[in-house]
Amino acid sequence: MHLAPHKVEMVYSRLARRLRDLGMADFDAYCAFLSSESGESEIGLLVNALTTNLTRFYRESHHFEHLAAVVLPRIQERQAGAAKPRLRIWSAGCSSGEEPYTIAMTVASAVPDLHRWDVRILATDIDTHMVETARRGLYAADAATAIPAAIRSRHTAEQQQGTRRVLSMGESLRRLITFKPLNLLEDWPMRGPFDAIFCRNVLIYFDRHGRTEVIGKFHQLLDVDGHLYLGHSESLYGVSEQFRQVGPTSYQAIP
C-alpha cells in the first residue's frame, strides 16, 4: 500500500483503534509488536484497518451496462456452438461483496440459458474481514435500493435479523461466486483466462511500479479481447499501453 504523506491523519485515526484494543500506550510499542514473532497475526489486522471499503450495489452502473450490452453478447456469439459455454470474471478488490453479486445479477439477467453455462466469478480482497462479510451475503435492506425490483425479487430474500431487516443473496447467485483473500502484489494462484476483470478503486493504493506490475499481470490473464474495468478516478495513462479505452474507465486488452 502506497500512502502519501497527507494520509498521516487517516493512518493515525485508524491504527489508534488497534492500539486501544491491544492496550498499548504508543505507536513505538505497536511497531515493536508487529516486528515480533507474537505479532505476526497482527499484520492482517493492520491491513484491514488501513484499507477503505466503500462500495454499493451497481456502483458505477455504466460498467455493468457495458458488460451486459457488449461483453456478454460477444461471448455468447463466440461460444454459440459450445456444449458447455465458458465464462470467467474476476472481481479483484471485492470489498464486502456488492460488486461480485452485482456482476452475478448482471450475468443472470443477460444470459437466459445460464444453466447450460460453466460460469465462475472469482471475488478477492486483501481484507479478510471483508471477504467473510461478502461470503455471508447479508446486507441491510435499505442498502439494496439500487437493485432493480425484478432482479431483487428473483435473486434475493428479505428477512428479519434481530432488530433489523436484511437482504440475503440467493443461492442462484452464491453458486456462481468464489470468495478468496488475495494480496494483488503477491503471487496469484489463478491461471485464467478471464473474459473480464473488475479492479475498481484498488490501484489508488499502489505506487506507479505496483500499478504497472498489476496491470501487466491482468493483461496476461485476460482472454484475447478481454475487458478491464477501473474505478472512476483511475486511468491507464502512463501505466500501460496494452489496452485500448472503450468507455469511461473501461478498457479492452490489445493482443
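**View 1. R200 and E99, a buried charged pair.** R200 has a relative accessibility of 7%, so in this predicted model the residue counts as buried. Its salt-bridge partner is E99, and the closest N and O atoms of the two sit 2.7 Å apart. What about E99, buried or exposed? E99 is buried as well, at a relative accessible area of 5%. R200 belongs to the loop between strand 7 and helix 9 (208–221), while E99 belongs to helix 5, so the pair ties together parts that lie 101 residues apart in sequence.

**View 2. Other salt bridges in the model.** How many salt bridges does the structure hold? The count is 11. One of them joins the side chains of D113 and R116, at 2.6 Å from N to O. D113 comes out as partly exposed, with 22% relative accessibility, and R116 is partly exposed too, at 29%. Another pairs D118 with R120, this time at 3.4 Å, N to O. R120 has 44% relative accessibility and so counts as partly exposed. There is also a network of salt bridges, which links R78, D195, D223 and D225.

**View 3. Y101 and the largest nonpolar core.** This core has 37 residues, and those with the most contacts inside it are F57, L67, I89, Y101 and V107. Eight elements would be a lot to label, so here is the list. Two or more residues each come from helix 4 (61–78), strand 1 (86–92), helix 5 (98–110), strand 2 (118–125), helix 6 (128–136), strand 5 (164–169), strand 6 (177–181) and strand 7 (194–199). Which of these gives the largest share? That would be helix 5, with 6 residues. Zoom in on Y101 and, leaving out residues up to four places away in sequence, you find it touching F57, A134, R135, G137, Y139, M169, L173, R174, I177 and F179. Separate from all this is a second core of 26 residues, with W188, F194, L222 and A253 among them.

**View 4. T106 on helix 5.** T106 is found in helix 5. With a relative accessible area of 7%, T106 is buried. What does T106 contact, leaving aside its neighbours within four places in sequence? The partners are Y58, F64, L67, A68 and L72.

**View 5. Strand 1 beside strand 2.** Strand 1 has 6 of its 7 residues buried, so the rest of the structure largely encloses it. Strands 1 and 2 run parallel and are joined by 7 bridges. For a spot to anchor the eye, look at A92, which stands opposite T124 in strand 2.

**View 6. D125 and D127, two aspartates.** D125 lies in strand 2. D125 is buried but makes no salt bridge. How far away is R59, the nearest side chain of opposite charge? R59 is 10 Å off. What D125 does have is a polar side-chain atom 2.9 Å from the backbone nitrogen of S95. D127 is in the loop between strand 2 and helix 6. At 2% relative accessibility, D127 counts as buried. Its C-alpha atom is 6.9 Å from that of P181, even though the two residues are 54 apart along the chain.

**View 7. Helix 3 and what covers it.** Helix 3 spans residues 42–50, and its buried residues are E42, L46, V47, N48, A49 and L50. Which helices help to cover them? The cover includes helix 1 (8–22), helix 2 (27–35) and helix 6.

**View 8. Q245, out in the open.** Q245 lies in strand 9, which runs over residues 243–247. Q245 has 51% relative accessibility, and the cut-off for exposed is over 50%, so Q245 counts as exposed. Its side chain reaches the backbone oxygen of G247 at 3.1 Å. Not counting residues up to four places away in sequence, Q245 touches S250 and Y251. For a sense of scale, Q245 and I75 are 19 Å apart, C-alpha to C-alpha, and 170 residues apart in sequence.

Note on methods:
Residues are numbered from 1 along each chain as its sequence is written. This is a predicted model: local features need pLDDT of at least 70, side-chain atom pairs count only at pLDDT 80 or more; totals for chains, interfaces and linings use all residues. Side-chain values use heavy atoms; hydrogens and water are left out. A nonpolar core is a set of buried Ala, Val, Leu, Ile, Met, Phe, Trp, Tyr and Cys residues joined through side-chain atoms within 4.5 Å. Buried means under 20% relative accessible area, exposed over 50%, partly exposed in between (1.4 Å probe, protein chains only). Helices (H or I, at least four residues) and strands (E, at least two) are DSSP runs, numbered from the N terminus. Contact means heavy atoms within 4.5 Å. Lys and Arg count as positive and Asp and Glu as negative; His and the chain ends are not counted. A salt bridge is a side-chain nitrogen of Lys or Arg within 4 Å of a carboxyl oxygen of Asp or Glu. A polar contact is a pair of N or O atoms within 3.5 Å; within protein, one must be able to donate a hydrogen and the other to accept it, and residues adjacent in sequence count only if both atoms are side-chain atoms. Two strands pair if DSSP finds at least two bridges between them.
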